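Visitor: I would like to go through this model at the bench, one element at a time. Could you take my questions in turn?

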2 protein chains.
Amino acid sequence: MELLKKKILEVGRVEGEGILKVDSFLNHQLDIPLLNAMGKEFAKRFKSMGITKVLTAEVSGIAIAVFVGQYLEVPVVFAKKTLSKNLDRETYEGEVYSYTKGMKYKIRVSKRYLFKEDKVLIIDDFLAEGQAILGLKEIIDEAHAELMGVGIVIEKGFQQGGKIVRDLGINLKSLVIVDSMKEGKIIFRE
Amino acid sequence: MELLKKKILEVGRVEGEGILKVDSFLNHQLDIPLLNAMGKEFAKRFKSMGITKVLTAEVSGIAIAVFVGQYLEVPVVFAKKTLSKNLDRETYEGEVYSYTKGMKYKIRVSKRYLFKEDKVLIIDDFLAEGQAILGLKEIIDEAHAELMGVGIVIEKGFQQGGKIVRDLGINLKSLVIVDSMKEGKIIFRE
C-alpha cells in the first residue's frame, strides 16, 4: 500500500533492537483518514471470503479493525488481556507469549460473541513473532469458527511471524512488509 | 440519543453492584454502525468549539473516539495504561483511581502528541466515579492545552462522576444518563 509506505518513510522512527515506532499515526496518535483507507484496503482484499466477524486483540488493533468492520459491514470483537467484572465468565482463551515483555499472557473472548458459524478475519497492527495471531487462532479454533484470513498493517519480514503464519496455510495479507531497518534505513519488500 | 437508549434496553444487562453490561455493542463486541452514529452525534454537539484533538484512554474509548475524530476531522490520541518500549520516555502523566480494581494507576501521553495550542475533546464510554476523566484532564493541564469538553456514551447518574466533572465547570455531554438500575430495570434521565 503506497500511501502507507510513504507515511512510514515520512514519520516512522527506527529505534534499537528492530523497533519501528509509528505511534504518530497507528498506535498512540491515530491518523483517521489513513486508518480509514487501510480499513477499505483490507475490506477489498478479503471481500470475497464471506467474512462474518473481524477479530483483533486489544489495544492497537482496535482502531484499524473498526474500519475493516465498517467496510465489510460486520461486527468487530476485540480479545481482552485482563480479567474484569465486565468480562463474562464463559470465555474462549488463547495464550500469547510476548517477546517484548518476556512473559506469557492470556487473551479472552466471551462465548457470546463467537460462534461455530463465524467466518473470522483477524486484523492487527504489527506482525513480528506471530504470537498474538496464534493466540487469536486458538480462540477461533476453540469456538469451532473458521479462520478466513489475517490482515496485518506492518509485517516485520525479518522476524519469523510471517513464515509461521503462512506455513500454517493461513491466508495472510500485509499492507506493507519491512524487510530490513539496518542503520535506520527502512527497506520494504516489493 | 434515542437509538442508544433503545439498544441499551434491548441488549444491556444489569448485573450486581451497579454494573451495566453493554459488551455486545460497546466494549467487547463493537456495533460499527451504532458507534459511527455516536461519533457523528458527538461531532455535532462539539462542532462549534474548534476542537483540534480527541483524547481518550485505552481501551474502551478508542472505538468511539475514532469516529468522533473522523467527523471532526482531527487526530485521536489515546492515553496508555502501561509503560512499554513503544512509548516515548517524555510523557504527560495522569493518575487514575479505579474503584473497580481498588487501585491507582497512571495513564500517559507522549509529549509529541499534545501541545499547548490544542483544544481537546475527551471521549469515553462510561462515566461513573469520574476518575478517568480527572486523569485525562491532568494530562491536558500538564500540556497547557485547553479542555473544551467531555463526551460520554453512558453516564451513570447514580454515581458521582457527572457531578464532579460538571462542578469543575467542564462542558460535559452524555449521550444517555442512566438514573437507576434497581431490580434490573434501567431508568434513563429525561
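**Loops, helices and a shared sheet**

Guide: Let us begin with a loop of this predicted model: Val59(B) lies in the loop that joins strand 4 (53-57) and helix 3 of chain B.

Visitor: Which form, cis or trans, does the peptide bond from Glu58(B) to Val59(B) take, and what is omega near?

Guide: The residue on the far side of this bond, Val59(B), belongs to the loop between strand 4 and helix 3 of chain B. The bond from Glu58(B) to Val59(B) is cis, and its omega is near 15 degrees.

Visitor: Where in chain A is Val59(A) placed, and what is omega near for the bond from Glu58(A)?

Guide: In chain A, Val59(A) is placed in the loop between strand 4 and helix 3. The peptide bond that leads into Val59(A) from Glu58(A) is cis, with omega near 10 degrees.

Visitor: Which residue that is not a glycine has a positive phi, and in which loop is it found?

Guide: The loop concerned runs between helix 4 (131-142) and strand 9 of chain A. The phi there is about 55 degrees, although the residue is not a glycine, and the residue is His144(A).

Visitor: Are helix 2 and helix 3 of chain B parallel, perpendicular or oblique to each other?

Guide: Helix 2 (residues 32-46) of chain B packs on helix 3 (residues 62-72) of chain B with the axes 8 Å apart and at an angle of about 50 degrees. Angles from 65 to 115 degrees count as roughly perpendicular and those under 35 as roughly parallel, and the two helices of chain B are therefore oblique.

Visitor: How do the residues in the contact of helix 2 with helix 3 of chain B divide by class?

Guide: The crossing of these two helices of chain B is right-handed. Helix 2 of chain B contributes residues including Ile32(B), Leu35(B) and Phe42(B), while helix 3 of chain B brings, among them, Phe67(B), Val68(B) and Tyr71(B). By class, the contact of helix 2 with helix 3 of chain B has 11 nonpolar, three polar and one charged.

Visitor: What is the handedness of the crossing of helix 1 and helix 2 of chain B?

Guide: The axes of helix 1 (residues 2-11) of chain B and helix 2 of chain B come within 10 Å, crossing at roughly 145 degrees. From helix 1 of chain B, Leu3(B), Leu4(B) and Lys7(B) meet Leu34(B), Ala37(B) and Met38(B) of helix 2 of chain B. The contact of helix 1 with helix 2 of chain B holds five nonpolar residues, no polar ones and one charged, and the crossing of helix 1 with helix 2 of chain B is left-handed.

Visitor: Which strands stand at the edges of the open sheet of seven strands?

Guide: The strand order in this sheet is 11(A)-10(A)-9(A)-8(A)-4(A)-5(A)-3(B), and the pairing is mixed. An edge strand here has a single partner strand, so one side of it is left without a neighbour in the sheet, and this holds for strand 11 (187-188) of chain A and strand 3 (29-30) of chain B.

Visitor: In what sense do strand 4 and strand 5 of chain A pair, and which residue stands opposite Thr56(A)?

Guide: Strand 4 (residues 53-57) of chain A and strand 5 (residues 76-79) of chain A pair over four bridges in the parallel sense. Opposite Thr56(A), in strand 5 of chain A, stands Phe78(A).

Methods: Residues numbered from 1 in each chain as written. Chains lettered and ligands numbered in written order. Predicted model: local features only at pLDDT ≥ 70, side-chain atom pairs only at ≥ 80, totals over all residues. Heavy atoms only, no water. Axes fitted to C-alpha atoms, helices over the stretch in contact; angles between N-to-C directions. Parallel < 35°, antiparallel > 145°, perpendicular 65-115°, else oblique. Left-handed = near helix turned anticlockwise from the far one by under 90°. Contact = heavy atoms within 4.5 Å. Nonpolar A, V, L, I, M, F, W, Y, C, P; charged D, E, K, R; others polar. Pairing = 2+ DSSP bridges.
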